[in-house]
Every structure is written in C-alpha cells, then in structure tokens.
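Trainee: Hi, do you have a few minutes to go through a structure with me? I'd like to start with the surface and then move on to the helices.

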Amino acid sequence: MKLEEVNQRTKEAVDFLVAALESGHSEVLTAYLSAMAKFHTYSFGNILLIARQKPEATNVAGIRTWNSLGRFVKRGEKGIFILAPMIGKKRSQDGEATAEGADKKDGQPRLYGFRGVYVFDITQTEGKELATLTEVSGDVSGYRERLFKFVEGQSVELSFSERIAPAKGLSHGGKITLLSGMQPAEEFSTLVHEIAHEMLHRGERRTLTTKQVRETEAEAVAFVVCQSIGLRNGTASQDYIQLWHGDANLLRESLEAVQQAAAVILGGIAPEPAALAAAA
C-alpha cells in the first residue's frame with residue numbers, strides 16, 4: 001500500500017466518521033442507552049448479597065423493569081434478595097411527618113430506611129433480546145499477525161487475560177492487555193485502539209488531553225484502520241465515541257493526530273510487495 005493510498009484511505013474514513021457523529025446517536029446506541037438506563041447501580045452491600053446468592057449474575061433487575069424491556073421471569077425461578085432504599089417523609093405513629101421540619105428547610109427527600117425486595121438475573125428471564133453495541137466483523141487474516149509484529153516493534157508488551165472483563169483492552173505504559181477469547185476482528189480493532197493510546201497518549205501529550213479526547217482519538221484511529229482493510233464495524237466506533245461524549249467537533253480538533261497514527265499503523269501492517277505479487 002503506497003503512502004498516497006494510505007493517506008487517501010485515512011482521509012475518507014475520517015470524513016465518514018465525522019459525518020456519522022454529526023448525524024447524532026445511532027439507533028443502536030439509542031436503544032443501548034435506553035436499556036442500560038433502566039438498570040440500577042447497586043450499593044456495595046447489595047453487590048455482596050447478589051454475589052452470595054447468584055455468583056454468576058451479570059444484569060439484575062426487578063420484575064417490572066424486565067417486563068418494560070420485553071422480558072419475563074421464567075416459571076420457578078427464585079428471586080435474589082437485596083435491600084431497596086425507602087425515600088420520602090417518614091411518618092410517626094400519629095401520622096405526622098417526623099422529618100417535616102428538615103424537609104421544609106432544604107426541600108429534599110430523605111432516606112429513612114430500607115426494605116427487602118427481589119431482583120432477577122437476565123439468565124432467569126426470557127423474551128426480547130437486549131440491545132447491544134455493534135461489534136466489528138470481517139476477515140483479518142494476515143493483518144492480525146502483522147499487527148502483533150507492529151506492536152512488538154513499538155516496544156510494547158502484549159498479553160491476554162480474562163480478568164480485565166468487562167473491558168476488552170487496557171494499555172498502561174508500554175504494556176497492552178487484551179481480553180481473552182474475543183473474535184479475531186474484535187480483537188484486531190481493540191488492539192489498534194490500545195496501540196493508538198500508546199502512540200498518542202504517553203508523556204507530555206497525556207497531561208494535555210482529557211479522557212474524552214483520548215478515547216475519541218484512539219477509537220477514531222481504530223475506525224480508520226479497520227475501514228481501510230475492509231472490516232465491517234457498523235456504528236461501533238461512532239457509538240463508542242459518543243458513549244465518551246465525543247463529537248464531530250472534538251474529532252476535527254484531533255484530525256492531525258488521528259491521521260498520522262492511523263497512517264503509521266497502516267504502513268506497518270501493509271502486506272509486503274512480494275506477498276502481493278504472489279497473491280496476484
């Protein structure tokens with residue numbers, strides 16, 4: 001792949017991503033955010049209660065929440081006991097609100113106790129599939145191996161672990177850890193994202209950028225590289241950037257850094273001329 005072609009593909013992919021971000025949230029992201037908003041953030045005590053009763057639980061919610069998502073608890077399933085906060089004005093035995101004076105002062109509802117409720121894990125329910133973010137797909141034969149060599153050439157140590165879940169990848173000062181067991185295309189995209197962090201966000205530039213900027217830049221690089229080698233990622237990169245509150249304007253400000261990093265990676269993983277001739 002010649003330098004001119006690399007630069008042209010990079011520009012086309014970035015332009016496409018900018019246009020996608022300008023169009024707003026994708027239907028996939030909107031559905032995903034809507035579903036995730038209905039799951040509560042549980043306290044440490046409730047996390048312990050859930051772990052003790054059903055260690056394999058991943059997404060838990062009450063019956064009404066599951067029903068609103070088009071899912072229903074299977075017959076015979078046993079609920080997971082947790083504590084739900086009771087918020088409002090606590091009334092004394094004579095019917096008067098005991099915290100009335102305090103409520104009048106600040107106008108805020110008060111926590112006055114807890115009650116036991118039951119929730120169910122997604123595996124205990126059936127029905128409509130929950131919305132999930134788009135994943136990258138396609139054939140990465142050859143490119144995957146060359147990307148591994150490129151990462152090694154950047155003096156970055158690569159390892160795999162199941163312990164980083166639910167994260168797919170982590171980069172930390174010359175080391176990248178990927179989640180074990182990902183599909184090849186998803187693994188490729190994640191590794192490009194993490195090596196982009198290593199190339200762009202170490203040293204002085206890290207202190208000059210926010211987490212929002214860094215995640216937008218890294219995913220934009222992954223998008224450009226994946227698009228350039230023919231992978232299909234639907235709205236995956238667009239959705240990831242918008243989850244970090246990135247947008248087209250932020251991406252425009254990072255265009256030079258994104259284009260340079262993507263061009264270096266594409267140049268490093270391009271097939272050798274001899275291999276191209278043999279394939280022809």
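**Surface, salt bridges and helix packing**

Mentor: Happy to. Let's begin with Leu111, which is found in strand E4. Keep in mind that this is a predicted model.

Trainee: Is Leu111 buried or exposed?

Mentor: Leu111 is exposed, because its relative accessible area is 52% and the cut-off for exposed is over 50%.

Trainee: And which residues form the nonpolar patch on the surface?

Mentor: The patch is made by Phe81, Leu83, Ile87, Leu111, Phe114 and Tyr118. Together they have about 630 Å² of accessible area.

Trainee: Which elements give two or more residues to that nonpolar patch?

Mentor: Those are strand E3, covering 80–88, and strand E4, covering 110–121.

Trainee: Okay, changing topic to charges. How many salt bridges does a search of the whole structure find?

Mentor: The search finds six salt bridges. Let's look at some of them, including the one between Arg144 and Glu187.

Trainee: Sure. What's the N to O distance for Arg144 and Glu187?

Mentor: It is 2.4 Å for that salt bridge between their side chains. The pair links distant parts of the chain, with Arg144 in helix H6 (residues 143–153) and Glu187 in helix H7, 43 residues apart.

Trainee: Which of the classes, buried, partly exposed or exposed, fits Arg144, and which fits Glu187?

Mentor: Arg144 is partly exposed, with a relative accessible area of 25%. Glu187 has a relative accessible area of 6%, so it is buried. The cut-off for buried is under 20%.

Trainee: What does Arg202 form a salt bridge with?

Mentor: Its partner is Glu198, and the closest N and O atoms are 3.1 Å apart. Arg202 is partly exposed at 27% relative accessible area, while Glu198 counts as buried at 12%.

Trainee: And Glu56, what is its salt-bridge partner?

Mentor: Glu56 pairs with Lys54, with 3.2 Å between the closest N and O atoms. Lys54 has 15% relative accessibility, so Lys54 counts as buried.

Trainee: Nice. Now the helices: at what angle do H7 and H9 pack?

Mentor: Helix H7 (residues 184–200) and helix H9 (residues 211–228) pack at about 130°, and their axes are 8 Å apart. H7 and H9 are therefore oblique to each other.

Trainee: Why oblique, and not roughly antiparallel?

Mentor: Because roughly antiparallel applies to angles over 145 degrees, and the H7 and H9 angle is about 130°. As for handedness, H7 passes H9 in a right-handed crossing.

Trainee: How do the axes of H9 and H12 cross?

Mentor: They come within 9 Å and cross at roughly 40°. That makes H9 oblique to H12, and H9 passes H12 in a right-handed crossing.

Trainee: What about H6 and helix H12?

Mentor: Helix H12 spans residues 255–269, and the axes of H6 and H12 come within 8 Å, crossing at roughly 115°. That makes H6 roughly perpendicular to H12. H6 passes H12 in a right-handed crossing.

Trainee: Back to H9 for a second. Is Ser228 buried or exposed?

Mentor: Ser228 lies in helix H9, and at 7% relative accessibility Ser228 counts as buried. The C-alpha atoms of Ser228 and Ala262 are separated by 9.6 Å, and these two residues are 34 residues apart along the chain.

Trainee: One last area, the loop after H6. Where is Gln154?

Mentor: Gln154 sits in the loop between H6 and strand E6, which covers 157–161. With a relative accessible area of 36%, Gln154 is partly exposed. Its C-alpha atom is 8.7 Å from that of Gly174, and the two residues are 20 residues apart along the chain.

Trainee: And Ser155, what's its phi?

Mentor: Phi of Ser155 is near 60°, a positive value in a residue other than glycine. Ser155 has its place in the loop between H6 and E6.

Trainee: Is Ser155 buried or exposed?

Mentor: Ser155 is exposed, because its relative accessible area is 65%.

Trainee: Great, thanks for going through that with me!

Notes. Residues are numbered from 1 along each chain as its sequence is written. This is a predicted model: local features need pLDDT of at least 70, side-chain atom pairs count only at pLDDT 80 or more; totals for chains, interfaces and linings use all residues. Side-chain values use heavy atoms; hydrogens and water are left out. Patches are made of residues with over 30% relative accessible area and no salt bridge: like charges are joined within 9 Å, nonpolar side chains (Val, Leu, Ile, Met, Phe, Trp, Tyr) within 5 Å. Accessible areas come from the Shrake-Rupley method with a 1.4 Å probe; for residues, only the protein chains shown count as cover. A salt bridge is a side-chain nitrogen of Lys or Arg within 4 Å of a carboxyl oxygen of Asp or Glu. Helices (H or I, at least four residues) and strands (E, at least two) are DSSP runs, numbered from the N terminus. Buried means under 20% relative accessible area, exposed over 50%, partly exposed in between (1.4 Å probe, protein chains only). Axes are lines fitted to C-alpha atoms, for helices over the stretch in contact, and angles run from 0 to 180 degrees between N-to-C directions. Angles under 35 degrees count as roughly parallel, over 145 as roughly antiparallel, 65 to 115 as roughly perpendicular and the rest as oblique. A crossing is left-handed if the near helix is turned anticlockwise from the far one by less than a right angle, and right-handed if clockwise.
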